[in-house]
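Okay, thanks everyone, let me get this one up on the screen. I'll go through the sheet, then the core, then the ligand site.

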Amino acid sequence: MDLTVISTYRCNSRCQMCYIWQNPTVQKEEVSVETLAKLPSGFDNLNISGGEPTLRRDLAEIVDVLYPKARVTEISSNGLHPERLVPIVERYPNIKVRFSLEGLEATNNAIRGEKDGFQTKLRGMRMLKEAGGTDLGFAIVIQDENADQLVRVYELAKAENLELSTSTLHNAWQFYKNDNYFYDRRKVAREVERLITAMLRTGKVKNWFRAYLNLGLIEKILGHDRLIPCTAARDFAFIDPWADVWACNVRSDLLLGNLARQSWDEIMSGEPARRAAAKVDQCRQNCWMVTTARTAMRSSLHPSLPKLSPLAWVVWNKLKVSLGGRIDFARYIDYDNVRPSPLIPRKSFLGENVKAYVKVQKGLETPAEHYPLGEFFNR
Ligand code: SF4
């Protein structure tokens, strides 16, 4: 099972597609190390995210507690404080670290509202490499503003010997956003095709399966159904900064329990978890986030093996690309059927005085108070 621990909603980026920074948590109300210590061992991928996890002064202690509980431990960071990750990487060189990077310099800084973000991340990754890190990379949220830079960002990551993970615009309680829609779905999808081809051209098996994940992203971008059914509440879960445990980070009606008040076993075997799993089976949301998609791609025989359909797609298209052929995207993707979506402009907060937007979430107790937007939809 995979688990994401959203350690805080404090964040020092000012992104246009995620408003966590407008809804920061109070430090002393955030899930404690003692509560996280209640988690059992045996997770597959355990992601420590946020908000910005390096803003937690006790991040090193959190890692000490969680690292032994998972096959892979990951920190998702904005990369603005790489120095805070150096001692962690020195202690755990295999820990996976991903810095959010939304494009080349001007684009990244505009989308993320980060004055020197691009250069800081690049320097930061080099710093972590020197510290001995072996699983380092960038993570990009594909959107209209950066789609034409995708392949260049991928080439940059490759040149630095770094990985690149991709996701795309989503509406979710985790992002406090319900109006993330593409301006031009087809155009963005075509750019992802180019990335898929570039990934299949490499000699790395990991990249070939990432190419398939990106095929799923195209379906998401065009508003189609998921390529593979979702397995939230069974194969993955999320813990928010108040220790509430959720089946996924999108639907606000899939609360499973609270780790501060209950044991993990109680939560996962309880009636809310059973009800949530039944709702997941009927879920028609058009979502494809890396956490949810990666899990759905895995074989039930072993988490490091893929299901047959992704495997067949990868083998066939890798062969084709290697022999100089082109991927027949029209065979997999129905470009005639693109879901219409509202045109809601996104706005860069770079250089804005953003303090006025920030509303600290103090003394709020229930999930309904924590997530006032209520329901979140991906269409
Ligand atoms: S398909 Fe539904 S249940 Fe699964 S992650 Fe998406 S919104 Fe959540």
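So, ground rules: strands here are DSSP runs of E, at least two residues, and helices are runs of H or I, at least four residues, both numbered from the N terminus. Two strands pair if DSSP finds at least two bridges between them. This is a predicted model, where local features need pLDDT of at least 70 and side-chain atom pairs count only at pLDDT 80 or more, while totals for chains, interfaces and linings use all residues. Residue numbers start from 1 along each chain as its sequence is written.

Right, the sheet. Nine strands make an open sheet with mixed pairing, ordered 6-5-4-3-2-1-7-8-9. Strand 6 (163–168) and strand 9 (255–258) are at the edges with a single partner strand each, so each has one side without a neighbour in the sheet. Inside, strand 1 (residues 2–6) runs parallel to strand 7 (residues 236–239), paired over four bridges, and Val5 has Ile239 as its bridge partner in strand 7.

Stay on Ile239. Skipping neighbours within four places in sequence, Ile239 contacts Leu3, Val5, Ile6, Val31, Val245 and Leu259, contact being C-beta atoms, placed from the backbone, within 7 Å.

And the ligand? Eleven residues surround the ligand, and Cys230, Cys248, Cys283, Gln285 and Cys287 come nearest; a residue is near if its C-beta atom, placed from the backbone, lies within 6 Å. That shell splits into eight nonpolar, two polar and one charged, counting Ala, Val, Leu, Ile, Met, Phe, Trp, Tyr, Cys and Pro as nonpolar, Asp, Glu, Lys and Arg as charged, and the others, Gly among them, as polar.

Conventions. Contact = placed C-beta atoms within 7 Å.
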